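Colleague: I would like to learn how to read a sheet and the pockets around it. Could you take me through one example?

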Amino acid sequence: MKSEEMVLFNARVHTMNAQTPRGTGLRIRNGRIVEVINSQASSMESYGSQYIDLQGRTVLPGLCDAHIHIEKYARSLDQIDCETNTEEECLTLVAQRCRKLGPGEWVVGHGWNQNTWGGYGSLERLDAISPDNPVYLTAKSLHAGWANSNALGLCNLSENSKDPPKGKLQRDDRGNLTGILFEDAMLLVSTIIPKPNHLELVSMIKRAQNDLHGWGITAIHDFDGLGCLDALLALEADDVLRLRVLKHIREKELDEALARDLRSRLQGEWIRIGHLKLFADGALGPRTAAMLQHYEGEPDNTGLLQFSVEELVEVGQAAAKIEYPLAIHAIGDKANRTVLDAFEKLQRLTQNISMAPHRIEHVQLIHPQDISRLASLGITASMQPVHAISDRLMADKYWGERVRWSYAWNSQISSGARLIFGSDAPVESPDPWAGIAAAVNRKSAHGKGDSNPWVAEERIPLESALQAYTRSPAQASSWHSLIGQLCPDFAADLIILESDPFGIKADDLWDIRPSAVMVNGEWVVRNF
């Protein structure tokens, strides 16, 4: 029996395919694109039985968030939003949550920024409003945490506690803990907080999936743990997973991933295994990103480098033998140089092993001498453009003149590197249109607070920004022939917009929201 076809017509179709960049409609059958219709196509009567007149609306491929923590984002939807203008506002929210909970129940939040507050939160003030509850609040960067004395006591942390190998416990002048934890010291608290059970996490991620669809996101590259993977697999088994998920594996869970044979088992159309994730340094916010020269005003601080070149090469060689490319978090210029030096050595040592290209996650500051090295080594630059808007004041303050080479998207494209974009949610909102607008404008929404573009040389054209959310993430994974473009035989993963991004003011890109979203030929959002 002939399969029912769907025809979308009277549209502006941007395919993100160089050979057939535009169309006026699409013919879809069984979740796949059969044909890109153009103005020379035969009459609609020759097509299938379901016709949808888009009345001039714009069609784009579904967008991919190439760096997200889907479990952390899902859980953050129920946590306190600590991204406040002052410490006082944050403490008020904590106090309100404490009053709703019973004694001993954990209070968890995310999003504070000591640079916005003018300093780190106070242990004494946090204790004063939470005498009966352990409290743990993560920083916007996810590289620092703020715990009250209740939480520290449950973790047996005191002034006699030693810093973990890749972390730091902040102390006052007398050596007492302040409640602020950096990098791996955060694990001393976070690992004892009760986690949602499997069914609860499945429900949370399903809710988060709906949020992502609302922005037009149909694919993600996820960096959370194997518990998150199990929740995603449950959604797939129930036939309700409507995100393509490239699932990266954290270093500490590699043995379990190998024992479960995930690489060979998960190569389907919904979930595939990606890279091995490592951290080369910290972040700009807590000034733990590893720097070649000290932070402005902090002559003794060059951040925290987590690996030497030799250590990265050793890990990379072992990973290559089991066909795991590396995705390495690197923010400071020293971290990026260290990672590039390691990748250069790995290229020689593993040249006969076929696997996806290695990635650097963030590439927030790079020395000008290293700009072209990602392209020459075939390394994917995985970056988050909205960070430039959030971080610009911090970057100016702590990196000084070095900011010329921060968030250097145009330099990476010009050098020939593959550039892919994401949000790092819940560090930032997963809204891809904020990322696209930031990449094109390099200033806040509608110029609020910063009417002039910041480091304007690194702005990129809209076409390049869209490619970094569509075709390029697919090419950086194993989905280059399935998603990222609207072409025959590709999945019918697409979004419909009321206006054409190429026909509006660049400042209005912030406000775009799709009126419909399709995944695998099925509407997951439709508002027309």
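Modeller: Start with strand order and the sense of pairing. In this predicted model, eight strands form an open sheet in the order 8-15-16-17-18-19-20-21, and the pairing is parallel.

Colleague: Which strands are the edge strands?

Modeller: An edge strand pairs on one side only, and here that applies to strand 8 (63-68) and strand 21 (419-421). From one strand to the next, the twist averages 25 degrees.

Colleague: How many bridges join strand 16 and strand 17?

Modeller: Five bridges, in the parallel sense, between residues 244-250 of strand 16 and residues 271-279 of strand 17. One residue pair to look up is Arg250 with its bridge partner in strand 17, Lys277.

Colleague: Which strands does helix 8 lie across?

Modeller: For a helix on a sheet, read the strands it crosses and then the angle. Helix 8 (residues 226-237) lies across strand 15 (217-222), strand 16 and strand 17, and runs at about 155 degrees to strand 16. Helix 12 (residues 333-349) also packs on the sheet, where it touches strand 18 (326-330) and strand 19 (359-362). The direction of helix 12 makes about 160 degrees with that of strand 18.

Colleague: Now the pockets. What is the volume of the largest pocket?

Modeller: About 1,400 Å³. After volume, look at the lining: 47 residues line this pocket, and nearest its centre lie Lys72, Leu187, Ser190, Arg250 and Lys252. Arg250 is thus a residue to view twice, once for its bridge partner Lys277 and once for its place in the largest pocket.

Colleague: Which elements give two or more residues to that lining?

Modeller: They are helix 1 (70-76), strand 10 (107-112), strand 11 (135-139), helix 6 (187-190), helix 7 (198-215), helix 8 and strand 17. Helix 1 gives the most, with four residues. By class, the lining of the largest pocket holds 16 nonpolar, 17 polar and 14 charged residues.

Colleague: What does the second largest pocket look like in the same terms?

Modeller: The second largest pocket has a volume of about 550 Å³. Its lining has 22 residues, with Asn113, Thr116, Ile389, Ser390 and Leu393 closest to the centre. At least two lining residues come from each of strand 10, helix 3 (114-117) and helix 14 (386-399).

Colleague: Which element gives the most to the lining of the second largest pocket?

Modeller: Helix 14, with seven residues. The classes in this lining are six nonpolar, nine polar and seven charged.

Definitions and conventions:
Residues are numbered from 1 along each chain as its sequence is written. This is a predicted model: local features need pLDDT of at least 70, side-chain atom pairs count only at pLDDT 80 or more; totals for chains, interfaces and linings use all residues. Side-chain values use heavy atoms; hydrogens and water are left out. Two strands pair if DSSP finds at least two bridges between them. Axes are lines fitted to C-alpha atoms, for helices over the stretch in contact, and angles run from 0 to 180 degrees between N-to-C directions. Contact means heavy atoms within 4.5 Å. On a 1 Å grid over the protein atoms alone, a cavity is a set of points where a 1.4 Å probe fits but cannot get out, and a pocket is an open set with protein on both sides within 12 Å along at least five of seven lines; lining residues have an atom within 4 Å of a point. Grid points are joined across faces, edges and corners, and a volume is the space filled by probe spheres set on the points. Ala, Val, Leu, Ile, Met, Phe, Trp, Tyr, Cys and Pro count as nonpolar, Asp, Glu, Lys and Arg as charged, and the others, Gly among them, as polar.
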